[in-house]
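Reader: I am a first-year student, and I should be grateful for a close look at one part of this structure.

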Amino acid sequence: MVTQFSRRAILAHIGAAGVSAALPVRAIAQNAYAELEGRPWFFLTDDEARYLAAVTDIFIPEDEFPSASQAGVVDFIDLQLAGPYGRGAGLYMQGPFREGEPTQGYQAEHVPAALIRRGIAETDQADGGLKLVDRDAEGRRAFVGSLSQSEDVFQSAFYEELLKLANWGYFADPIYGGNKNYAGWEMVGFPGAHAYYTSFVDDHNRPFDMPPKGIAHVPGQGPAQFLRTNGREG
C-alpha cells in the first residue's frame, strides 16, 4: 500500500488520515502552490519543517486568523530556501569571515539556507531535553523566548532570520506560497494588488471594504489556475 505524502500531516505531526480533523478547513486554502501539498519539500526535511511550524506558530499563533503554519508560512520558507534567496543571491559571500561582536551582528559565513539548516540542528535539543515539536505549548514559548534573548551571535542571527521569514511568509503576496486566503492581509486590512482604483480616487475619508486581491487574482480563478493558464507555474 502506497502512503500518500502530505505536508499538512507532517506539520501536524500526525498520520495523514487524521489531518482533516486536526487542522481547520482554512488551513488548506488555495494559493499559487496549493497543489504542492502532496509533494515533498524542495529544501526542508520533514523534521526541519516541523521545527519551523512550531517556531513560527509562536510568532503568529492562531486566533481569529490562521496561525503561521496554517497560512502557508512553512511552504513559503521552503520555496525561499530552495531558490536564489536561500543560495545567497545578492549577498557578498567572500572571506575572511571573523566572529563579530554582538554589536556587529552575524558576519554571513553561511547563505540563508545553510544558516537555517545549521540553526535548527544546533538549537533543537541543545539543552539535552525534548525536541521542540515534542514540547507542550508553554515549553515551545519558553524555547522561542530563550532563543530571542540569546547572546550567541550565530543564534541571534538565526532567530532574526526566522522572524523575518515568518513575517514575509505571512504578509507577502500569496503568489509566493504563503498568506493563504489572504490571511495576513485580512489581519491588517490591506486591500492588496487591485489593478485599478480610478473609481475610488475621489472617494475620501471612507473605508475601503473590498476583499483583498493578489497579483495572480482573477475573478473565478485561484492563483494556481491563473499560473497554469498564463504559463507561469514553476
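Leaving aside its neighbours within four places in sequence, with which residues is F59 in contact? Please describe the helices around this residue as well.

Author: The model is a predicted one. Once neighbours within four places in sequence are set aside, F59 is in contact with V144, Y159, L162, L163 and A166. F59 itself lies in helix α3. Its relative accessibility is 19%, and because buried means under 20%, F59 counts as buried. There is also a link across the sequence: F59 and R141 stand 82 residues apart along the chain, yet their C-alpha atoms are separated by 9.1 Å.

The setting of this residue may be described briefly. The protein has nine helices and zero strands. Read from the N terminus, its elements run α-α-α-α-α-α-α-α-α. Of its 234 residues, 41% count as buried. If one takes the contacts between residues at least 6 apart in sequence, 66% of them join residues at least 24 apart.

Consider next helix α6, which comprises residues 137–148. Its twelve residues should span 16 Å at 1.5 Å a residue, and the C-alpha atoms at its ends are 17 Å apart, which agrees. The buried residues of this helix are G139, F143, V144 and L147. They cover an arc of only 130° around the axis, and therefore they are on the same side of α6. A general rule is useful here: an α-helix has 3.6 residues a turn, so residues three or four places apart point the same way. V144, one of the buried residues of α6, is also among the contacts of F59. As for their partners, the buried residues of α6 pack against α3 (46–59), α5 (112–123) and α7 (153–171).

Helix α7 supplies further residues to this account. It has 19 residues, which should span 27 Å at 1.5 Å a residue; its end C-alpha atoms are 27 Å apart, so the two values agree. Its buried residues are V153, F154, A157, F158, Y159, E161, L162, L165, A166, G169 and Y170. Y159, L162 and A166 belong to that list, and these residues are also among the contacts of F59. The cover over the buried residues of α7 includes α3, α4 (73–82), α5, α6 and α8 (183–188).

Helix α5 is a further partner of both α6 and α7. It has twelve residues and reaches 16 Å from its first C-alpha to its last, close to the 16 Å expected at 1.5 Å a residue. P112, A113, L115, I116, G119, I120 and T123 are its buried residues. Viewed down the axis of α5, these buried residues fall within an arc of 165°, so they line one face of the helix. Among the elements that cover them are α3, α4, α6 and α7. After α5 comes Q125, whose phi is positive, near 65°.

The meeting of α5 and α7 can be described in detail. Their axes come within 10 Å and cross at roughly 115°, and α5 passes α7 in a left-handed crossing. On the α5 side, the residues involved are P112, L115, I116, R118, G119, I120, E122 and T123; on the α7 side, they are F154, Q155, A157, F158, E161, L162 and L165. The residues of this contact divide into nine nonpolar, three polar and three charged. L162 thus appears in two settings, since it meets α5 and is in contact with F59.

Beyond α7, the chain continues into a loop that leads to α8, and N179 lies in this loop. N179 is buried, with a relative accessible area of 0%. Its contacts, apart from neighbours within four places in sequence, are A71, G169, Y170, F171, A172, P174, G184 and W185. G169 and Y170 are themselves among the buried residues of α7. N181 is placed in the loop between α7 and α8 too, and its phi is positive, about 55°, although it is not a glycine.

N205 offers a contrast in exposure. It lies in the loop between α8 and α9 (223–229), and its phi is near 60°, a positive value in a residue other than glycine. At 82% relative accessibility, N205 counts as exposed, whereas N179 is buried.

To return to the original request, F59 is a buried residue of helix α3, and its contacts include V144, Y159 and L162.

Key
Residues are numbered from 1 along each chain as its sequence is written. This is a predicted model: local features need pLDDT of at least 70, side-chain atom pairs count only at pLDDT 80 or more; totals for chains, interfaces and linings use all residues. Side-chain values use heavy atoms; hydrogens and water are left out. Helices (H or I, at least four residues) and strands (E, at least two) are DSSP runs, numbered from the N terminus. The expected span of a helix is 1.5 Å times one less than its number of residues. Buried means under 20% relative accessible area, exposed over 50%, partly exposed in between (1.4 Å probe, protein chains only). The arc is that of the directions from the helix axis to the C-beta atoms. Contact means heavy atoms within 4.5 Å. Axes are lines fitted to C-alpha atoms, for helices over the stretch in contact, and angles run from 0 to 180 degrees between N-to-C directions. A crossing is left-handed if the near helix is turned anticlockwise from the far one by less than a right angle, and right-handed if clockwise. Ala, Val, Leu, Ile, Met, Phe, Trp, Tyr, Cys and Pro count as nonpolar, Asp, Glu, Lys and Arg as charged, and the others, Gly among them, as polar.
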